[in-house]
Amino acid sequence: MEKSVFFSKPTNNFLVTNYVHYLINMQNPNQQPHENSSRSQSPENGDPISDAKWASRLLRECATAISEKDSTKIHHLLWMLNELASPYGDCNQKLAFYFLQALFCKATDTGLRCYKTLSSAAEKSKSFDSSRKLILKFQEVSPWTTFGHVASNGAILEALDGESKLHIIDISHTFCTQWPTLLEALATRNDETPHLKLTVVVTESTLVKSVMKEVAQRMEKFARLMGVPFEFNVISGLNHLKELTKESLNIKEAEAVAVNCIGALRKVEVEERGAVIRMLQSLNPKVVTIVEHEADFSSTRNDFVKCFEECLRFYTLYFEMLDESFPITSNERLVIERECSKSIVKVLACDNQIGEGDGETRERGNQWSERLREWFSSFPLNDDAVDDVKSLLKRYKVGWSLVLPQENQESPGIYLTWRDEPVVWASAWKPREKLMERHDQ
């Protein structure tokens with residue numbers, strides 16, 4: 001059984017009570033022991049044993065102690081969290097387990113070493129079949145990724161409508177699971193079926209060679225089945241996304257280009273994002289689709305406590321979503337949560353020591369919109385695309401909803417919400433100097 005930083009044990013109410021006593025003593029050192037006990041058990045002051053958010057409380061205290069370099073409090077809280085944490089328990093225990101790992105690394109300055117160890121262990125157990133099955137299972141139980149796929153496909157189909165030679169540049173790491181539905185849509189168009197060239201830009205070395213060869217074979221087979229003329233290419237070995245050019249992508253004059261970025265921009269260093277967006281504009285695409293998580297690890301990255309708060313908020317939502325979507329004993333869920341552990345360590349304990357391609361500096365929709373508006377204008381989704389997204393969400397459990405853009409809203413595009421909290425932002429954009437009349441005008 002997997003252990004935490006030291007040893008993991010199931011939730012112990014006695015430890016939670018001790019934790020509250022400890023905090024009271026820290027804040028009120030002159031208070032008498034019997035007063036502490038009475039206060040900690042008082043219902044009006046919040047019984048710690050019944051506190052549904054005990055993990056968040058302990059983790060916040062620990063993050064604050066690390067920021068303040070309070071070694072006594074750090075040691076006590078790390079021990080407390082270690083006793084309560086488990087990767088096999090409820091949401092509180094899981095959050096405690098994975099955030100404890102990051103806080104321990106932050107406190108001991110071992111984040112980069114821990115991240116490399118976690119990455120190495122993950123790669124040893126990863127294969128194309130296992131990764132593909134995991135992605136498909138996740139898409140089956142949650143719209144977290146399929147939401148962006150459906151929204152992006154809708155925008156791409158509208159922007160490229162009537163074109164005979166299509167070139168989609170895919171900058172994502174989804175094993176092309178997005179594209180079968182688009183191929184089906186192209187095959188059923190009323191006019192002549194267009195030729196589709198799909199160029200996948202790979203920034204993770206582990207996805208090259210055998211993995212992309214397998215993806216190519218599957219895509220080519222499906223395209224033949226659909227009767228869509230198809231060409232598949234892979235671009236790899238890049239040090240930086242801004243190195244992409246029309247020449248390296250083999251863009252032809254007669255091709256209508258669409259660029260698809262799902263979770264790709266957050267992996268670019270914050271200071272280089274403007275250059276990458278300018279590069280995308282230089283490709284003269286008909287449309288660029290952007291899908292990103294709704295979280296801000298950018299403006300808070302130099303303030304550890306604020307960054308921690310945002311990271312905890314985001315991953316609490318994510319873990320609660322997984323809890324609703326998967327059985328508690330699900331192996332797929334455990335693998336996804338372990339992937340989260342890498343991200344949490346990266347954000348909280350690596351202090352910008354990780355290069356491009358492995359970054360996790362998420363930004364909110366309004367932050368991306370501010371960057372994109374320098375070179376692009378919004379390309380709102382049409383009614384058909386919105387209806388497709390609404391139909392998608394009906395396939396999943398209650399709790400998911402769609403938020404459409406409001407007038408004077410800072411960020412165009414649409415939001416996927418989980419229990420009324422926005423979690424994923426999807427949008428489409430057109431180069432400013434290439435604005436065209438919409439088909440419905």
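**Exercise 1. Describe the lining of the second largest pocket in this predicted model by residue class, then by the elements that supply it.**

Step 1. Sort the lining by class: the second largest pocket has eight nonpolar, 13 polar and 11 charged residues in its lining.

Step 2. Take the total and the centre. The lining comprises 32 residues, and those nearest the pocket centre are N153, G154, L157, A185 and D388.

Step 3. Assign elements. Two or more lining residues come from each of α8 (146–159), α9 (179–187) and α15 (383–393). Helix α8 supplies the largest share, seven residues.

Step 4. Add the volume: the second largest pocket holds about 830 Å³ of space.

**Exercise 2. Find how many cavities of 30 Å³ or more the structure holds, and state what lines them.**

Step 1. Count them: there are two cavities of 30 Å³ or more.

Step 2. Take the largest cavity, with about 70 Å³ of space. It is lined by 11 residues, and S172, H173, T174, F175 and V200 are the closest to its centre. By class, this lining has seven nonpolar, three polar and one charged residues.

Step 3. Take the second largest cavity, with a volume of about 40 Å³. Its lining consists of V141, E324, S325, K397, V398, W400 and W418. These divide into four nonpolar, one polar and two charged.

Two of the tryptophans in this lining, W400 and W418, return in the next exercise.

**Exercise 3. Work out the geometry of the ring pairs W144 with W400 and W400 with W418, and say which parts of the chain each pair ties together.**

Step 1. Set the context: the structure holds 15 aromatic pairs.

Step 2. Classify W144 and W400. Their ring centres lie 6.5 Å apart and their planes meet at 80°, so the pair is edge-to-face. The cut-off used here is over 60 degrees for edge-to-face.

Step 3. Place this pair in the chain. W144 sits in the loop between α7 (128–141) and α8, and W400 sits in strand β7 (residues 400–403), so the pair ties together parts 256 residues apart in sequence.

Step 4. Check burial. W144 counts as buried at 4% relative accessibility, and W400 counts as buried at 11%. The cut-off for buried is under 20%.

Step 5. Classify W400 and W418. The ring centres are 4.8 Å apart with planes at 45°, so this pair is tilted. W400 is in strand β7 and W418 in strand β8 (residues 414–418), so the pair ties together parts 18 residues apart in sequence.

Step 6. Widen the view. Ring pairs join W144, W400 and W418 into a cluster with F99, F138, F297, F304, F308, F314, Y315, Y318 and F326.

**Exercise 4. Describe the surroundings of W418: is the residue buried or exposed, and which residues does W418 touch?**

Step 1. Locate the residue: W418 is found in strand β8.

Step 2. Read its accessibility: W418 is buried, with a relative accessible area of 2%.

Step 3. List contacts. Leaving out residues up to four places away in sequence, W418 touches L317, E320, M321, E324, V398, G399, W400 and V423.

Step 4. Add one backbone distance: the C-alpha atoms of W418 and G399 are separated by 5.6 Å, although these residues are 19 residues apart along the chain.

**Exercise 5. Identify the residues that touch the most other members of the largest nonpolar core, and the helix that gives the most to this core.**

Step 1. Name the residues: among the 72 residues of the largest nonpolar core, F99, L103, Y315, Y318 and L348 touch the most other members.

Step 2. Name the helix: α12 (residues 304–325) gives the most to this core, with 12 residues.

Step 3. Examine F99. Not counting residues up to four places away in sequence, F99 touches L59, F308, C311, L312, Y315, I344 and L348.

Step 4. Note the other core: apart from the largest one lies a core of 32 residues, among them A155, A159, A223 and A256.

**Exercise 6. Determine which residues of helix α14 (residues 365–372) are buried, and what covers them.**

Step 1. List the buried residues: in α14 these are G365, Q367, W368, S369 and L372.

Step 2. Name the cover, which includes α11 (273–282), β5 (287–293), β6 (376–378), β8 and β9 (421–431).

Step 3. Set this against the whole protein: it has 15 helices and nine strands, and 53% of its 441 residues count as buried.

Conventions:
Residues numbered from 1 in each chain as written. Predicted model: local features only at pLDDT ≥ 70, side-chain atom pairs only at ≥ 80, totals over all residues. Heavy atoms only, no water. 1 Å grid on protein atoms, 1.4 Å probe; cavity = no way out; pocket = protein on both sides within 12 Å on 5 of 7 lines; lining within 4 Å. Points joined across faces, edges and corners; volume = space filled by probe spheres on them. Helix = DSSP H or I, 4+ residues; strand = E, 2+ residues; numbered from the N terminus. Nonpolar A, V, L, I, M, F, W, Y, C, P; charged D, E, K, R; others polar. Core = buried A, V, L, I, M, F, W, Y, C linked by side-chain atoms within 4.5 Å. Buried < 20%, exposed > 50% of the residue type's maximum accessible area, 1.4 Å probe, protein only. Contact = heavy atoms within 4.5 Å. Phe/Tyr/Trp six-rings, centres within 6.5 Å; stacked < 30°, edge-to-face > 60°.
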